[in-house]
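Work through the exercises below with the sequence and the model in view. Each task is followed by a solution in steps.

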Amino acid sequence: MKYGFFDDSAMEYVIQTPQTPLPWINYLGNSAFFSLISNTAGGYSFYRDAKLRRITRYRYNNVPTDQGGRCYYIKDAGVLWSPAFLPCKTPLDHYRCRHGLGYTAFESEKNGVRADMTCFVPLNHLCEINSLTLTNTSQSEKKLELFGAVEWCLWNATDDAQNFQRNLNTGEVEVAGSVIYHKTEYRERRNHYTFFGVNAPTSGFDTDRETFLGRFGSWDQPGAILSGKMGNSIANGWAPIACHKLEVALAPGESKNFVFLLGYAELDGAEKWESPSVINKLPARCMMEQFSTQEAVEQSLVELALHWKGLLANYQVSSSDEKLDRMVNIWNQYQCMVTYNMSRSASYFESGLGRGMGFRDSCQDILGFVHMVPQNARQRILDIAAIQFEDGSAYHQYQPLTKRGNTEAGYGFNDDPLWLVACTAAYIRETGDHAILEEMVPFDNQAEKSKPLFEHLRRSIRYILSHTGPHGLPLIGRADWNDCLNLNCFSEQPDESFQTCSNFESGKAESIFIAAMFVKYGCEYAELCSRFGDEAEAAEILGHVQEMEQIVLNHGWDGQWFLRAYDAFGNKVGSHECEEGKIFIEPQGFCAMAGIGIKEGHAEKALSSVQTHLLNDYGIELLAPCFTQYHKELGEITSYPPGYKENGSVFCHSNPWVTIAFAAVSDGDSAYDTYRRIAPAFTEEHSEIRRTEPYVYAQTIAGRSAARYGEAKNSWLTGTAAWGFVSVSQYILGIRPGFDGLIVEPCLPSRITHFTVTRQFRGAIYRITVHNNRSGQYRLLLDGSPLTTSYIPFTEGRAEYNVEVFL
């Protein structure tokens, strides 16, 4: 069952009913001001940090779901309705929501009144615009009352939800004309405020929530609207809001536009005040004036569209499979940019409170967006490296506002250091900018401990080498990529986090996954050394890589697949000898990606085992059989019911590793089969089962052992976005950057007979056409002349490359 459709020409997903299985959301914003918005206008806004600079409130686990957010009301002859269906829930005569790239638009109609509302964050501005046009489609005059409301968050979203003894006393506002200002704590320690205004005269307002809603009122039926009497209240403590009332008269066929603007302003201490206790409203007035007309709003929308068109133009494919083109050209790249902005911090599944920017997460996200905004990737790498410790380990996350590491999500995840090598090498391959290696970057954000980025990479590699166990495999620490495989934690207390509870280093718990990472990224580090000045280091590390590869073959091969780990007692994890959790997905994919076991035939056997034991209708499950009992020596992974999350769901993030692994053994049909099983455009028909948005990847899909097999959770903010794009763009379509140019090595299924890609790379345009004749012979022509390799050297100053490939 479908609840909408893809409009590829407009680059939109069009939702035709508010009754989607879950709220289906979009993201607004590109740099500092961000908003989440659902298909019923729910969500919230924040400046840079969803925890520390939350602008509007949002209540997770609310009943009904997704109440709050942007609350718009139209009162027409006693009938109260909302342009986005919520909060009123009044049945509409017509409804449509169009989620586009950086904007969401609503079209609705009730009793001869049409409402068109477009919500977006204009480029390089600290505000969200809601442009609402009302049209009288009836044959008689309409006299309407229009209301727009938001509820303020008192900045720190965690404190806002907990510290009531203080916060119910601190709320402060100002009202000036058609703008309501939220200035809680501005008198003391803050130099920022927010405001909500409209470009038309108002006939009333409220800033106190209880006055507006009424003692027993609610957002769907506010007492002030029902009674027809706004309170013109000034909030003093309690719950400050901002609500405007406008009187609207429309002749038959007439339209009127109203621009509502939610903004954020910062001021230096000397400029904070216009007069004693009166905030300096100049930044807000300037912003309101800039977007005071419908023409200015529409021009900003044009600029936003051009921005996204420019980003997506870096990689565009035209093939015989429209769903493949849809994913590659639009939605996968769009999701990659959202994960760049958000990491794992703010979605409808991540509250924005407990997690900042993840070290591992952000490193992997770079792989998916570096081709679009390499300058942003460069800065992100330096920010990530700055939360590394001197021994090469790292904080697991940092807050985007302060860029300082914190331990709220724990630390001691021993895979973290190698991801820094992965994203730095990817950045240099994409840009050729090896000067980044000489950038001075502090350890633990302490300037006096600054070293070149190259030294950070060296310590990342050395950390792995200095933390190995009895078999010579890397120690897992608190966990590796799978945060829930906690082999050194032994938690028995129900209220403690597996990621932060008492942890000891057994010296025995080893990870085959980290070993595969070391083989892959150790080679990439060694190439950086060889190319940019340290041949001795390169030779030494390659020696360690070869040794680690042999150790994996000796101690990580289980006969038909690769082991997952050894626990703190030296027992095998992910072995045929285990009663449950016999096989795990991660090492089967990553070992083949690293080239381990390919010439011995182990990689193909392991991938065959994946298809036999882990493949289901919706993707590849993380492990099988699922754990049915809690094992404290394995940790959180065994705490989930069978088929959910790490205990046997399709954990989508690791599925692309298997896709890439199939490409590594030249199995194009299996590579494409595993790709399409989780790619959203291919699963739209199952929306009533999947439930999450049909245009973006989810983190996890319930496995065969689950009660709700096929149901997805945790959409949008997942490393699946980056790895999904890497797998399809660099391995199935086969166009990937190298240090000296582009490599073209497609691994296609039989169903795709040809495709053309336009790829922008280091300022040049590559037009690449591939013919899949399945001849078994590879030929590449550059401007009609044959090359003897699949490597197209980059030539400085050359603007175009025309490439034709025959397979």
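A nonpolar core is a set of buried Ala, Val, Leu, Ile, Met, Phe, Trp, Tyr and Cys residues joined through side-chain atoms within 4.5 Å. The model used here is a predicted one.

**Exercise 1. The cores**

Task: Find the residues with the most contacts inside the largest nonpolar core, and the helix that gives the most to this core.

Solution.
Step 1. The largest nonpolar core holds 246 residues, and Leu134, Trp419 and Tyr675 have the most contacts inside it.
Step 2. The helix that gives the most to this core is helix 12 (residues 512-531), with 13 residues.
Step 3. A separate second core has 14 residues, among them Tyr73, Leu80, Ala224 and Cys243.
Step 4. Take Tyr675 and leave out residues up to four places away in sequence: Tyr675 then touches Leu324, Met327, Thr659, Phe682, Tyr697, Gly724, Ser727, Val728 and Ile732.

**Exercise 2. The chain as a whole**

Task: Decide how the radius of gyration of the protein chain stands against that of a compact globule with 807 residues.

Solution.
Step 1. A compact globule of 807 residues would have a radius of gyration near 28 Å.
Step 2. The protein chain has 28 Å, so the two agree.
Step 3. The C-alpha trace spans about 80 × 60 × 55 Å along its principal axes.
Step 4. Of the 807 residues, 63% are buried.
Step 5. Among contacts with a separation of 6 or more, 67% are between residues 24 or more positions apart.
Step 6. The protein chain exposes about 28,400 Å², and carbon and sulfur atoms supply 48% of this area.
Step 7. There are 71 positive and 95 negative charges, and their mean positions are 3 Å apart.
Step 8. The secondary structure of the protein chain comprises 20 helices and 45 strands.

**Exercise 3. Helix 16 and what follows**

Task: Explain why helix 16 is described as largely enclosed by the rest of the structure.

Solution.
Step 1. A residue counts as buried when its relative accessible area is under 20%.
Step 2. In helix 16, Asn655, Pro656, Trp657, Val658, Thr659, Ile660, Ala661, Phe662 and Ala663 are buried.
Step 3. These are 9 of the 10 residues of helix 16 (residues 655-664), so the helix is largely enclosed by the rest of the structure.
Step 4. As one case, Pro656 lies in helix 16 and has a relative accessible area of 3%.
Step 5. Beyond its neighbours within four places in sequence, Pro656 is in contact with Ile678, Trp723, Gly724 and Ser727.
Step 6. Pro656 and Tyr675 are 19 residues apart along the chain, and their C-alpha atoms are separated by 6.7 Å.
Step 7. Val665 is in the loop between helix 16 and helix 17 (668-678), and its relative accessible area of 18% makes Val665 buried.
Step 8. Apart from neighbours within four places in sequence, Val665 is in contact with Ala603, Glu604 and Leu607. The C-alpha atoms of Val665 and Ala603 are separated by 7.8 Å, with their positions 62 residues apart along the chain.
Step 9. Helix 16 is followed by Ser666, which has a positive phi near 65°.

**Exercise 4. Less common backbone geometry**

Task: Which residues does a cis peptide bond join, with omega about 10°, and where is Pro87 found?

Solution.
Step 1. Most residues other than glycine have a negative phi, and most peptide bonds are trans.
Step 2. Leu86 and Pro87 are joined by a cis peptide bond with omega about 10°; Pro87 is in the loop between strand 8 (79-81) and strand 9 (94-99).
Step 3. Another cis peptide bond joins Ala624 and Pro625, with omega about -15°. Pro625 is in the loop between strand 34 (623-624) and strand 35 (650-651).
Step 4. Ser277 has a positive phi near 70° and sits in the loop between strand 20 (273-275) and strand 21 (278-279).
Step 5. Asp783 has a positive phi near 50° and is found in the loop between strand 42 (779-782) and strand 43 (785-787). With a relative accessible area of 40%, Asp783 is partly exposed.

**Exercise 5. One residue of helix 7**

Task: Is Asn341 buried or exposed?

Solution.
Step 1. Asn341 lies in helix 7 (residues 322-342).
Step 2. Its relative accessibility is 15%, so Asn341 counts as buried.
Step 3. Setting aside neighbours within four places in sequence, Asn341 is in contact with Gly29, Asn30, Phe34 and Met357.

Conventions:
Residues numbered from 1 in each chain as written. Heavy atoms only, no water. Buried < 20%, exposed > 50% of the residue type's maximum accessible area, 1.4 Å probe, protein only. Helix = DSSP H or I, 4+ residues; strand = E, 2+ residues; numbered from the N terminus. Rg over C-alpha atoms; globule rule 2.2 N^0.38 Å. Contact = heavy atoms within 4.5 Å. Areas by Shrake-Rupley, 256 points an atom, 1.4 Å probe, with all protein chains shown as cover. Lys, Arg positive; Asp, Glu negative; His and termini not counted. Charge placed at Lys NZ, Arg CZ, Asp CG, Glu CD.
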